Amino acid sequence: MVRIGIICPSEIAFRRFLPALQKANNKVEFTAIGIASPQEWFGDLSKVPVKQIEEQQSRECAKAQTFIDQYGGKIVVGYEALISSEDIDAVYLPLPPALHFHWAQKALETGKHVFLEKPSTTCLKDTDALIRIASQKGLALHENYMFIYHSQLETIQNIVRSGEIGDVRLYRISFGFPLRQMNDFRYNKKLGGGALLDAGGYCLKYANYLLGDSARIVTAQANDVDGFDVEMYGSATMVNNQGTVVQIAFGMDNDYKCDIEIWGSKGTITSNRILTAPVDFVPQYTIKKNQEFETRDLPSDDAFLKSIERFVDCIENADVRKDEYDIMHKQETLVESFKNKSGLQ
């Protein structure tokens with residue numbers, strides 16, 4: 001049994017991670033939820049009013065209590081205290097991206113396995129540093145791009161392999177969503193915000209799945225919107241050694257799209273929940289052959305549960321751990337390539 005603690009009472013931890021964890025065949029047990037200590041939250045406390053500190057602690061404790069009320073476990077004050085606790089073997093880390101490296105490094109150095117929300121970190125250098133520590137210590141390090149485990153992806157690829165739509169001429173992946181509240185970390189550069197890390201990473205991940213080991217970026221564009229200090233949308237073209245092309249587009253000031261389009265010589269496949277299908281949702285795809293359309297069901301699945309199961313496999317199997325390190329390195333290499341080709345800093 002892997003005993004896991006959660007760093008910070010985040011929405012995704014409560015809404016997605018813990019419900020999936022309950023189905024993990026008793027392989028993983030939720031043990032504790034950590035809230036930031038005053039010093040971890042504010043830094044230098046000498047100029048912070050006592051009332052402000054008390055309000056911060058009260059607010060975070062109230063959030064954490066909802067976890068305890070529904071899922072058990074205990075509240076630990078201080079991320080550092082949670083990480084060093086002998087009551088846990090692993091850490092789930094759903095903090096904003098810019099905080100991933102610091103706390104994942106501390107967790108690994110303390111001998112804890114780490115389940116990271118995507119993106120792993122904000123740069124290739126930091127991701128590779130985490131991989132080195134995990135490898136040296138024989139620890140699992142897993143990045144939670146959960147959609148990649150959904151069985152709808154393999155089902156669609158099997159249709160392509162069957163030849164029903166002929167030879168593939170082009171893949172197109174689009175992922176974007178409307179503006180959120182303005183205090184959202186996605187619009188804060190210091191917290192690792194920006195459309196590339198938040199939405200673009202999904203597109204790069206799926207494109208790499210489609211193109212294979214030789215996937216690479218040939219063009220990339222990042223676009224700004226007045227009033228924001230992060231890139232708000234972008235696009236890229238990717239290819240492999242066989243000449244297969246994937247076009248991607250993403251953004252976080254967009255009409256909602258979560259689409260795959262596969263244009264073949266004899267037909268076209270489209271599906272519009274390819275990256276975000278929730279538990280038990282039955283996704284669909286449409287196949288068009290000239291002007292004839294047919295809509296078919298795809299399998300439902302629990303991609304978050306499968307991601308947790310992959311994490312357990314990483315803990316138990318050294319070969320799976322090594323495979324996961326390589327996957328994380330490739331993903332961050334693609335992100336870094338996008339930055340370089342688009343001039344994104």
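**Figure 1. Residues 155-269, a span annotated in UniProt, shown in the predicted model.** In an unreviewed UniProt entry, residues 155-269 carry the feature "domain: GFO/IDH/MocA-like oxidoreductase". In this predicted model, 22% of the span is helix and 36% is strand, and the C-alpha atoms at its two ends lie 12 Å apart.

**Figure 2. Residues 58-145, a second span with a UniProt annotation.** The unreviewed entry gives residues 58-145 the annotation "domain: Gfo/Idh/MocA-like oxidoreductase N-terminal". Helix makes up 50% of this span and strand makes up 19%, while its end C-alpha atoms are 32 Å from each other.

**Figure 3. Helix 5 and its buried residues.** In helix 5, which runs through residues 100-109, the buried residues include H100, W103, A104, A107 and L108. These five residues lie on the same side of helix 5, because they cover an arc of only 135° around the axis. An α-helix has 3.6 residues a turn, so residues three or four places apart point the same way. Just after helix 5 comes G111, whose phi is positive, at about 90°.

**Figure 4. T127 in helix 6 and its contact with S120.** T127 belongs to helix 6, which spans residues 124-137. Because its relative accessibility is 1%, and buried means under 20%, T127 counts as buried. A polar contact of 2.8 Å joins the side chain of T127 to the side chain of S120.

**Figure 5. H142 in strand 6 and its contact with E324.** H142 sits in strand 6, made up of residues 141-144, and with a relative accessible area of 0% H142 is buried. The side chain of H142 makes a polar contact, at 2.8 Å, with the side chain of E324.

**Figure 6. A277, a buried residue in a loop.** The loop that holds A277 lies between strand 12 (268-271) and strand 13 (284-289). Although A277 is part of a loop, its relative accessible area is 10%, so A277 is buried. Computed along the sequence, A277 and V48 are 229 residues apart, and from C-alpha to C-alpha they are 43 Å apart in space.

**Figure 7. The largest pocket and the residues that line it.** The largest pocket holds about 1400 Å³ of space. It is lined by 49 residues, of which S10, I12, P94, F185 and R186 are the closest to its centre. By class, the lining of the largest pocket consists of 28 nonpolar, six polar and 15 charged residues. Several helices each supply at least two residues of this lining, among them helix 2 (38-42), helix 3 (50-71), helix 8 (195-211) and helix 9 (303-316). Helix 1 gives the largest share, which is four residues.

**Figure 8. The second largest pocket and its lining.** The volume of the second largest pocket is about 300 Å³. Its lining is formed by I148, Y149, K205, N208, Y209, G212, D213, D326, I327 and K330. Helix 8 and helix 10 (318-342) are the elements that give two or more residues to this lining. Sorted by class, the lining of the second largest pocket has four nonpolar, two polar and four charged residues.

Notes. Residues numbered from 1 in each chain as written. Predicted model: local features only at pLDDT ≥ 70, side-chain atom pairs only at ≥ 80, totals over all residues. Heavy atoms only, no water. 1 Å grid on protein atoms, 1.4 Å probe; cavity = no way out; pocket = protein on both sides within 12 Å on 5 of 7 lines; lining within 4 Å. Points joined across faces, edges and corners; volume = space filled by probe spheres on them. Nonpolar A, V, L, I, M, F, W, Y, C, P; charged D, E, K, R; others polar. UniProt positions renumbered as here; feature names shortened; annotations may be inferred. Buried < 20%, exposed > 50% of the residue type's maximum accessible area, 1.4 Å probe, protein only. Arc of directions from axis to C-beta. Polar contact = N/O pair within 3.5 Å; in protein donor to acceptor, adjacent residues only side chain to side chain.
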